[in-house]
Amino acid sequence: MLTVEEALEQILSRIRVLGTEGVELSSALGRTLAERIVSRREIPPWPNSSMDGYAVRAADSGNVELAVVGRVAAGALPSRAIGAGEAMRIFTGAPIPDGADAVVPQEDVDAAGDRVTLHQRVTAGAFVRPAGEDVRVGDVVLEPGRSIGAADIGVLATLGYARVLVVRRPRVAILSTGNELADLGTEPGPGQIPNTNTYSLMAQVREVGGEPINLGVAPDRLDAIEERLRAGATADVLVSSAGVSVGEADLVRDAMTKLGAELHLWRVSMRPGKPITFGSISGRPVFGLPGNPVSAMVTFELFVRPALLKMSGRQHLHRPRVKARALARIENPGARRGYLRVTLVRDGAGLGARLTGEQGSAILRSMILADGLAVLEGDTTVEHGQFVEVIVLREVAG
Ligand code: AMP
Ligand code: MG
């Protein structure tokens with residue numbers, strides 16, 4: 001059996017970054033930037049005022065009266081330069097007139113008609129935003145591989161990017177298998193259970209910026225599974241759940257092999273999860289996840305998510321990990337490494353972790369409650385007050 005790290009390394013070593021496409025800037029949020037952004041603009045383009053007030057020459061300041069020789073607002077140009085003994089009325093964002101090198105805020109002066117009286121010395125540059133204080137021509141502003149955020153979009157708009165190059169979203173085909181499954185929209189009959197995995201896995205695909213394709217439910221028949229998997233041939237990645245154990249009805253691996261898949265790994269020493277399959281069909285990755293709803297979600301989280309992020313061209317593939325204090329005993333019986341669902345709370349002493357309750361791999365409500373996965377090696381116990389390593393799945397309030 002492989003360790004989680006070995007399995008992940010094998011998976012990631014076979015994942016290639018997808019191609020790129022241009023998108024409108026307003027649709028670029030959350031996409032992976034695929035180009036290096038080098039500024040062709042100076043931001044701000046010229047020195048401008050950061051206050052409403054008077055543009056002056058610092059050399060003229062002190063306790064003096066100056067002649068107001070004009071007025072300039074944002075969007076206009078100064079009508080002329082200012083000379084010795086002169087000032088110009090100016091508003092926030094307006095260009096500083098030639099000859100001026102400082103702005104005195106209007107609340108610090110006395111103004112009457114075309115005269116203004118200053119009361120203090122000002123230093124050159126006061127309340128002036130110099131040209132290029134934010135971005136200079138030639139600056140490398142953004143590097144490829146980052147998820148485009150709201151601030152990136154603001155900067156890209158400022159630099160004139162109406163479109164931006166991003167990595168294509170991975171298209172991920174999702175298949176559920178099992179004779180017992182009644183899909184959404186059908187009331188489960190005798191011996192049937194509702195199909196959970198298609199929907200949680202499609203949502204997990206969306207959460208990492210992928211596009212899910214629903215291949216529906218296949219019964220436990222080799223030809224049926226094969227046919228459905230074939231329908232997913234246009235996807236970048238195939239993800240199936242269930243049917244990967246050693247039971248007679250576990251036919252997913254055979255179906256993959258019949259389609260020409262090369263299977264790279266099967267069993268991983270973890271709980272929940274153990275029977276996870278990874279392979280490739282003509283260079284495209286295929287994952288066979290276990291069927292229990294928690295196992296499917298946790299193995300997606302640990303293996304499929306980083307693979308999709310790598311495909312999307314992202315630099316950071318992994319969730320943050322923290323050390324949290326156990327708020328009660330946390331036990332991992334059995335030889336396999338445990339990924340236990342915990343809620344996290346923040347208090348004066350830092351982060352605390354508590355099991356969500358029963359940890360059975362069919363108890364999907366444990367995933368609703370889970371803020372993180374506590375990682376415990378086989379046959380270990382973390383006592384109340386001791387520290388435990390937790391993979392953070394979502395932000396903790398407080
Ligand atoms: P299997 O790996 O096929 O033995 O499935 C393991 C367990 O997961 C069984 O109890 C299945 O009924 C259950 N299961 C498999 N697929 C799904 C699904 N799509 N939704 C909910 N439960 C499932
Ligand atoms: Mg089954």
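Into which domains is the protein divided? This predicted model has domain 1 (4-16 + 169-311), domain 2 (20-43 + 134-167), domain 3 (48-129) and domain 4 (321-392). The legends below start with the whole chain and then move in on selected places.

**Figure 1. The whole protein, with its four domains labelled 1 to 4.** Seven helices and 28 strands make up the secondary structure here. The radius of gyration is 31 Å, well over the 21 Å that the globule rule gives for 398 residues, so the protein is more spread out than a compact globule. Along the principal axes, the C-alpha atoms fill a box of roughly 95 × 50 × 40 Å. If you are picking out domains by eye, the C-alpha centres of domain 1 and domain 2 are separated by 35 Å.

**Figure 2. Surface, burial and charge across the protein.** About 18700 Å² of the protein is accessible surface, and carbon and sulfur atoms account for 51% of that. Of the 398 residues, 48% count as buried. Taking contacts between residues at least 6 apart in sequence, 70% join residues at least 24 apart. The protein carries 44 positive and 46 negative charges, and the mean positions of the two sets lie 3 Å apart.

**Figure 3. Helix α3 (residues 197-207) and what covers it.** Look here for the buried residues of α3: Asn-197, Thr-198, Ser-200, Leu-201, Met-202, Gln-204 and Val-205. Their cover includes the strands β13 (171-177), β16 (211-218), β17 (237-241) and β21 (284-289), together with helix α6. After α3 comes Gly-209, which has a positive phi near 85°.

**Figure 4. Ser-176 in strand β13.** With a relative accessible area of 1%, under the 20% limit, Ser-176 counts as buried. Beyond its neighbours within four places in sequence, Ser-176 touches Asn-197 and Thr-198, both of them buried residues of α3. Its other contacts are Leu-181, Asn-195, Gly-216, Val-217, Ala-218 and Ser-241.

**Figure 5. Pro-306 within helix α6 (residues 293-311).** Is this proline buried or exposed? Pro-306 is buried, at 3% relative accessibility. Apart from neighbours within four places in sequence, its contacts are Leu-8, Leu-12, Phe-300, Glu-301, Leu-317 and His-318. For a sense of scale, the C-alpha atom of Pro-306 is 25 Å from that of Val-217, a residue 89 places away along the chain.

**Figure 6. Two cis peptide bonds, each leading into a proline.** One runs from Ile-43 to Pro-44, with omega near -10°. Pro-44 sits in the loop between β2 (37-38) and β3 (48-49). The other joins Arg-271 to Pro-272, and its omega is about -5°. Here the proline, Pro-272, belongs to the loop between β19 (270-271) and β20 (275-281).

**Figure 7. Phe-127 and Ala-242, residues other than glycine with positive phi.** Phe-127 has a phi near 55° and is found in the loop between β9 (115-117) and β10 (128-129). Its relative accessibility is 38%, so Phe-127 counts as partly exposed. For Ala-242, phi is near 75°, and the residue lies in the loop between β17 and α5 (252-258). Ala-242 is buried, with a relative accessible area of 15%.

Methods: Residues numbered from 1 in each chain as written. Chains lettered and ligands numbered in written order. Predicted model: local features only at pLDDT ≥ 70, side-chain atom pairs only at ≥ 80, totals over all residues. Heavy atoms only, no water. Domains from an automatic or database assignment. Helix = DSSP H or I, 4+ residues; strand = E, 2+ residues; numbered from the N terminus. Rg over C-alpha atoms; globule rule 2.2 N^0.38 Å. Buried < 20%, exposed > 50% of the residue type's maximum accessible area, 1.4 Å probe, protein only. Contact = heavy atoms within 4.5 Å. Areas by Shrake-Rupley, 256 points an atom, 1.4 Å probe, with all protein chains shown as cover. Lys, Arg positive; Asp, Glu negative; His and termini not counted. Charge placed at Lys NZ, Arg CZ, Asp CG, Glu CD.
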